[in-house]
Amino acid sequence: MLKKWFAAIFLLCALVYGCVTTPVSEKSALILIPFSQEVSLGKQAFGEILQKETLSTNVRLHKVIERVGRRLVIETSMADLDWEFKLFASNQMNAFALPGGKVGVYEGILPVCSNEAGLAAVLGHEIAHAVARHGAQRMSQQLLITGALTASSVTLSDNKNRGLILGALGVGAQYGVALPFSRGNESEADEIGVIYMAKAGYDPREAVRFWQRFSSMKGGGQPPEFLSTHPADERRVHDIEQLLPEAMRIYNAHPNKQGLGESFLYIMNEERLKNSGGMRKDQLGVDPRNPAR
């Protein structure tokens, strides 16, 4: 009886003191994990990924990743974090953003992004998950619903809950633990991400085109890893289209529009030309200096 009484008091306190307001969407969320602990978990997970993955040697692509990422995070409420952007030499179609400002992009997703604005749609979405603290929300739900976690066990050194924590942070698939974000989290990340890319000067209409390109890749086979945790479907595209009027208002008022930015196809072909000497300049594709529109 006493245990139930303490549990009820804990739940009441959690509901009263654990509610936070998410930036941009202004939705309320229950978070019981201290932000400092969440940041620590993100840094630990990022360190493990850096040991496992191979960094890309393409300096120019990495500069583009860094440029797009920096333009996005300066528009967030967490611009003062120690943001890092890494490009991994892998055909894996994936990207992630961890608490504490740790961001990873895999080369395999860049052809689908097609250009900087497409990348801004991906990174805006992933950064939104981190800024909205969706990982901490999921760990908090676990604390209340299943009892599988206690506040003291929210650590990667605890093998019992390790997979659950990594999954909650959004990188569980890297370790064989798939824990998709809820539809509500996904919709919120779409909403926040589209606003971030518009504020950064990237054409928000490219977010719709990106998800259409990615959705078309699902047919007939195993979906890319990014899609295994991000449900790209007609409903999602429709919902993003409903966000465009506000995003376009922000974008149209931007004094320094980036438009679509540089073309990844152009950059990659340029790299092949440099390495092989077998491609003529006129085969590079569209000039990367895309006019803002």
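# A tour of two helices and their loops

Our starting point is just past helix α5, which is followed by Arg133, a residue with a positive phi near 60°. You are looking at a predicted model, so treat each stop as part of a prediction.

**Stop 1: Arg133.** Select Arg133 and you will find yourself in the loop between α5 and α6 (134–145). Its phi, near 60°, is positive although the residue is not glycine. That is worth a pause: most residues other than glycine have a negative phi. Is Arg133 buried or exposed? Its relative accessibility is 13%, and because anything under 20% counts as buried, Arg133 is buried.

**Stop 2: helix α5.** Now select residues 116–131, the 16 residues of α5. What span should you expect from end to end? At 1.5 Å a residue the helix should cover 22 Å, and its end C-alpha atoms are 21 Å apart, so the two values agree. Try showing the surface too: α5 is mostly covered, with 16 of its 16 residues buried.

**Stop 3: the start of α5.** Next, select Asn115 together with Ala117. Asn115 caps the N-terminal end of α5, and one of its side-chain oxygens lies 3.2 Å from the backbone nitrogen of Ala117. Then step back to Ser114, which sits in the loop between α4 (110–113) and α5. Here is another positive phi in a residue other than glycine, this time near 75°. Ser114 has a relative accessible area of 28%, so it is partly exposed.

**Stop 4: Asn58.** Move to the loop between α2 (35–52) and α3 (59–73), where you will find Asn58. Asn58 counts as buried, with 10% relative accessibility. Which backbone atom should you look for beside its side chain? Pick the nitrogen of Leu61: a polar atom of the Asn58 side chain lies 2.9 Å from it.

**Stop 5: helix α8.** Finally, select residues 183–199, the 17 residues of α8. From first C-alpha to last, α8 reaches 24 Å, close to the 24 Å expected at 1.5 Å a residue. How many of its residues are buried? The count is 12 of the 17, so α8 is largely enclosed by the rest of the structure. Colour some of the buried ones, including Ile192, Val194, Ile195, Tyr196 and Met197. Charged names appear in the buried set as well, among them Glu186, Glu188 and Asp190.

To end, click on Gly201, just after α8, which takes a positive phi of about 95°.

How values were computed. Residues are numbered from 1 along each chain as its sequence is written. This is a predicted model: local features need pLDDT of at least 70, side-chain atom pairs count only at pLDDT 80 or more; totals for chains, interfaces and linings use all residues. Side-chain values use heavy atoms; hydrogens and water are left out. Helices (H or I, at least four residues) and strands (E, at least two) are DSSP runs, numbered from the N terminus. The expected span of a helix is 1.5 Å times one less than its number of residues. Buried means under 20% relative accessible area, exposed over 50%, partly exposed in between (1.4 Å probe, protein chains only). A polar contact is a pair of N or O atoms within 3.5 Å; within protein, one must be able to donate a hydrogen and the other to accept it, and residues adjacent in sequence count only if both atoms are side-chain atoms.
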